[in-house]
Every structure is written in structure tokens, then in C-alpha cells.
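Student: Could you take me through one part of this model up close, and then show me how the pieces around it fit together? I'd like one long walk through it, please.

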Amino acid sequence: METRRLLIGCDFTYVAAIYTPVIFQVQPIDDPLVRIEGAQWASEPSIAIRGYTDLYGNPCVRAVLPAGRSSFRFHAMAVVPDATEDADQGAKECPPDDLPDETLIYTLPSRYCLPDVLGDEAWSRFGGLAPGYGRVQAICDHVNHHLTFQYGSTTALSSAADVNRNRIGVCRDFTHLAVSFCRALNIPARYVFGYLPDLDVPPDPAPMDFAAWMEVWLGDRWWTFDPRNNIRRKGRIVIGRGRDASDVAMATTFGGPLLESMVVQAEEAAR
């Protein structure tokens with residue numbers, strides 16, 4: 001398979017009043033289809049970091065921000081397939097009793113995904129559709145048309161029910177709503193975030209940011225769906241998977257430092 005080379009990474013600058021522990025989740029998860037080269041962490045001033053793996057299998061690092069201004073930087077080269085993610089219109093839904101044990105957690109309510117609250121709407125809108133890949137795509141189609149993308153339109157307290165009512169959000173909100181509808185129909189769905197470059201699509205004029213999408217269990221595997229962009233894409237690089245955005249925060253601080261700036265990079269390397 002042909003491959004493409006991507007420059008990925010991010011820079012954070014914080015101002016802290018006191019020493020503040022922090023967890024960063026910005027490095028790619030192990031993936032047999034993606035090769036990571038030259039991964040580097042850097043900080044100013046020099047700050048010790050140590051890595052660990054969370055309960056979902058996501059790689060994380062821990063550090064302590066010093067008082068004052070500090071910056072962290074992660075950068076790497078990623079070699080990815082020059083192909084969009086897989087799709088299969090014939091992929092079938094599994095009856096709940098046949099679902100693998102490890103997928104059951106992704107049928108339940110979580111902090112931002114509320115299948116119990118949105119269950120009536122999910123069944124009225126999608127319950128009459130043929131189960132399987134096409135029904136999940138219909139959920140993505142609906143969410144993509146129902147919501148308007150706008151930066152700054154939601155907060156850390158906004159749930160899928162809030163977004164559904166207000167009809168506005170960012171990519172994480174699109175994903176939370178689609179995940180909620182899937183779970184309401186007993187379809188396991190998990191939240192995914194990572195790097196998503198503009199490969200073979202019109203460039204987005206907005207500053208590069210992390211992206212969110214979802215994976216849905218159909219047949220005997222997870223399938224990628226993207227309710228925000230609603231097309232198959234090239235170059236997705238997964239950083240983390242979880243029940244919703246609360247499980248895979250790019251930075252978790254044990255205190256209240258000011259995030260002065262954040263810059264995300266996900267672009268094709270010069271040939």
C-alpha cells in the first residue's frame with residue numbers, strides 16, 4: 001500500500017501560580033497501520049515527564065508545571081496509508097446478548113453521552129431503519145445536518161442533550177450526539193480523538209486543531225464514522241479512545257493554570 005508522511009504534534013504554553021501536576025494525552029496510540037518516527041518531547045524550562053497507559057490503553061505522560069510560564073512540545077513524523085478508512089455497507093448490528101463483553105461499556109450513558117435522555121428520539125428517528133452500517137450512517141447524516149459547527153459555542157458542561165437542543169457545537173459535540181443515538185439503539189459506540197490532516201480535501205482555513213470522531217461496533221470489529229465531516233478521510237491518527245471526551249482530555253491539570261496558547265500540527269511533510 002502507498003503511504004504518506006505527516007508532521008504531527010502540538011505546543012502548549014501555560015502560566016501557573018504554583019507548581020501544578022498535569023497529564024498530557026497527545027501522542028498517538030499504537031496502530032499497526034501507522035508508523036511513528038522521531039517522536040520527541042521538549043519543555044522550557046526542562047521538566048521531567050513519565051509515561052503510563054490509562055485503563056483504555058491510551059498512552060499518557062505526567063509532569064509538574066513549575067510556577068510561572070512554561071511550555072511543552074510534542075512532535076513526530078507519522079507514516080500513514082494513502083487510503084481512506086474501511087467501510088462495509090453489509091456490516092451488521094449484533095443483538096445485545098451477542099456483543100463481546102468488552103463492548104458493553106460503550107452502550108451505557110457517560111458524562112456527555114446520554115442515550116437514556118435521547119432514547120425516545122433515537123428510536124423514533126432511526127428505530128424503523130434496517131439495522132446495520134446504513135443505520136449508523138443515517139445517524140451521522142442527521143447529526144451532520146442537524147448541528148451547525150461553530151467554535152466556542154459549547155462549554156465543558158455541554159452534554160449531547162444540550163447540543164441536540166441548541167443545534168450548535170464543535171466536532172466533539174457532533175460525536176457525543178451521534179454516540180448517544182447509537183447507544184440508545186444498543187449499538188456500541190466509543191469516542192475517538194486524534195490528528196486529522198487535510199489530505200486530498202479542500203483545506204480548512206481555520207487553525208489546525210485536534211479532531212473527534214467515533215468508532216462503532218458492527219459485525220466483529222470497530223468501524224470509523226465521522227459525524228462532523230461525514231466523509232471517509234485519509235490520515236486519521238488516533239490519540240485516544242474512551243466513553244466520551246472526559247476520558248481522553250488532551251491535558252488534565254490538577255489546579256488552575258492559565259493555558260496561554262495551544263498550537264496543533266497535522267500536515268503532510270514536504271516531499
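Tutor: Let's start with Glu85. Setting aside neighbours within four places in sequence, Glu85 is in contact with Thr224, Ile231, Arg232, Arg233 and Arg236. Keep in mind that this is a predicted model. Glu85 sits in the loop between β6 and α1, and with a relative accessible area of 14% it is buried. Two of those contacts are worth zooming in on. The side chain of Glu85 reaches the backbone nitrogen of Arg233 at 3.0 Å. With Arg236 the link is side chain to side chain, a polar contact of 3.1 Å.

Now step back along the chain from that loop, into β6. Strand β6 covers residues 68-81 and pairs with β1, residues 3-16, in the antiparallel sense over 14 bridges. You can pick out single pairs here: Leu7 has Met77 in β6 as its bridge partner, and Thr13 stands opposite Ser71 in β6. On β1's other pairing, 10 bridges tie β1 to β14, again antiparallel. Leu7 turns up here too, standing opposite Glu267 in β14.

Put those strands together and you get an open sheet of four, in the order β3-β6-β1-β14, with antiparallel pairing. The edge places go to β3 (35-44) and β14 (258-268); each has a single partner strand, so one side of each has no neighbour in the sheet. From one strand to the next, the twist averages 10°. If you're following the side chains along a strand, here's a handy rule: in a regular strand they alternate between the two faces of the sheet.

There's another open sheet to look at. Its four strands run in the order β11-β10-β9-β12, and the pairing is antiparallel. Here β11 and β12 (237-242) are at the edges, each with a single partner strand, so each has one side left without a neighbour in the sheet. The twist in this one averages 35° from strand to strand. Inside it, six bridges join β9 (residues 189-195) to the antiparallel β10, and Arg190 has Glu215 in β10 as its bridge partner. Helix α4 lies across β9 and β10, at about 15° to β10.

That brings us to another helix, α2. It takes in residues 133-146, which makes 14 residues, and it reaches 20 Å from first C-alpha to last, close to the 20 Å expected at 1.5 Å a residue. Its buried residues are Tyr133, Arg135, Val136, Ile139, Cys140, His142, Val143 and His146. What do they pack against? The buried residues of α2 pack against α1 (115-126), β7 (148-149), α3 (160-166), α4 (171-184), β10 (211-218) and β11 (221-225). Notice that β10 and β11 belong to the sheet we just visited.

You may have spotted a cysteine in that helix. Cys140 is buried, at 0% relative accessibility. Its sulfur is 6.5 Å from the closest cysteine sulfur, in Cys182, and that's too far for a bond. A disulfide is a covalent bond between the sulfur atoms of two cysteines. The structure holds zero disulfides. Cys113 isn't in one either: its nearest cysteine sulfur, that of Cys182, is 9.9 Å away. Like Cys140, Cys113 is buried, with a relative accessible area of 0%.

Definitions and conventions:
Residues numbered from 1 in each chain as written. Predicted model: local features only at pLDDT ≥ 70, side-chain atom pairs only at ≥ 80, totals over all residues. Heavy atoms only, no water. Disulfide = S-S within 2.5 Å. Buried < 20%, exposed > 50% of the residue type's maximum accessible area, 1.4 Å probe, protein only. Pairing = 2+ DSSP bridges. Helix = DSSP H or I, 4+ residues; strand = E, 2+ residues; numbered from the N terminus. Axes fitted to C-alpha atoms, helices over the stretch in contact; angles between N-to-C directions. Expected span 1.5 Å × (residues − 1). Contact = heavy atoms within 4.5 Å. Polar contact = N/O pair within 3.5 Å; in protein donor to acceptor, adjacent residues only side chain to side chain.
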